[in-house]
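User: I would like to learn how to read a protein model. Please show me the structure and take me through some of its features.

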Amino acid sequence: MMQIAITRQVSPSINQCELTYLTRDAIDLPLAKQQHRQYEDCLEKLGCEVHTLPSEENLPDSVFVEDAAIVLGEVGIITRPGAESRRPEVVSIAGALLPFREIFYIKPPGTLDGGDVLQIGKTLYVGNSGRSNNAGIAQLAELVMPFGYNVVGVDVYGCLHLKSAVTQVAHDVLLLNRAWVNPDVFLGLDYIDVHPVEPHAANALLVDQTTVYSTTYPLTHDRLEKKGIHVVAVDVSELIKAEGAVTCCSLIFLA
Ligand code: CIR
């Protein structure tokens, strides 16, 4: 079994990206590309075989491949992103997943962004966000039920996606911002709070035993290390200006 990571090169139009909670700040395209390459190098070092799709000139947010699909052990779900400008992104992602998984689709009126789906074992926590609606969450629940997954809808407040508010940093440990999500939802799991001056710091990418984490949040990084979490830092500052972070730049699965 190989660990596959699907990524996509940064779009030359990334400065036209969707923004919801951030104000627009110029993104340095060459630097964004360089940071993205370093992110891919990091995944490779962690044992992933990186499959990079070519950049999409007219899809500003297409580097954020996580939002276009949910890849489970048994099946791939192609999403219907909440932002209309992002819907065409799924076509090439479906093509990239087809060799590895049977594919199902979220259909209108459902909307769902992969950034709203946090998988912990056989439970899929799904953010009821500005991007994912009840119809999308219900369709997902129906599609994955035959494979033994349980879908739990989670309210999120004041952030883009569920995984802006909470991610997994170790087998049974989450990193979260309790202003954006209620920790009581995650019964039986331990959690670490982001440092109060770093509200955006809850997005971490767990690859096996290692947590890939942005250099932008040193205070929360310290908290993770003090709790014994093994962290590898990557600088994704330009992608953060597009309201993205470390989970959203890849789709990682075994094949
Ligand atoms: C958007 O608003 O859709 C993009 N600018 C950012 C998406 C980030 N995706 C993610 O965190 N899963």
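**Reading contacts, burial and backbone angles**

Analyst: The side chains of Thr 7 and Glu 40 make a polar contact of 2.6 Å. This is a predicted model, in which local features need pLDDT of at least 70 and side-chain atom pairs pLDDT 80 or more, while totals for chains, interfaces and linings use all residues. Residues are numbered from 1 along each chain as its sequence is written, and side-chain values use heavy atoms, leaving out hydrogens and water.

User: What is a polar contact, and which other side chain does Thr 7 join in this way?

Analyst: A polar contact is a pair of N or O atoms within 3.5 Å; within protein, one must be able to donate a hydrogen and the other to accept it, and residues adjacent in sequence count only if both atoms are side-chain atoms. The side chain of Thr 7 also has a polar contact of 3.2 Å with that of Thr 52.

User: Is Thr 7 buried or exposed?

Analyst: Buried means under 20% relative accessible area, exposed over 50%, and partly exposed in between, with a 1.4 Å probe and protein chains only. Thr 7 has a relative accessible area of 0%, so this residue is buried. Its place is in strand 1 (residues 3-8); strands (E, at least two residues) and helices (H or I, at least four) are DSSP runs numbered from the N terminus.

User: Which atoms of the protein lie 2.7 Å from the ligand?

Analyst: An N or O atom in the side chain of Glu 66 is 2.7 Å from a nitrogen atom of the ligand. A polar side-chain atom of Arg 131 lies 2.7 Å from an oxygen atom of the ligand. Taken alone, the ligand exposes 350 Å², of which the protein buries 97%; accessible areas come from the Shrake-Rupley method with a 1.4 Å probe, and for residues only the protein chains shown count as cover.

User: What is unusual about a positive phi or a cis peptide bond?

Analyst: Most residues other than glycine have a negative phi, and most peptide bonds are trans. Here, a cis peptide bond with omega of about 5 degrees joins Pro 108 and Pro 109. Pro 109 is in the loop between strand 5 (102-105) and strand 6 (117-120).

User: Where is Glu 243, and what is its phi?

Analyst: Glu 243 is in the loop between helix 6 (237-240) and strand 15 (251-254). Its phi is positive, near 70 degrees. Glu 243 counts as buried because its relative accessibility is 17%.
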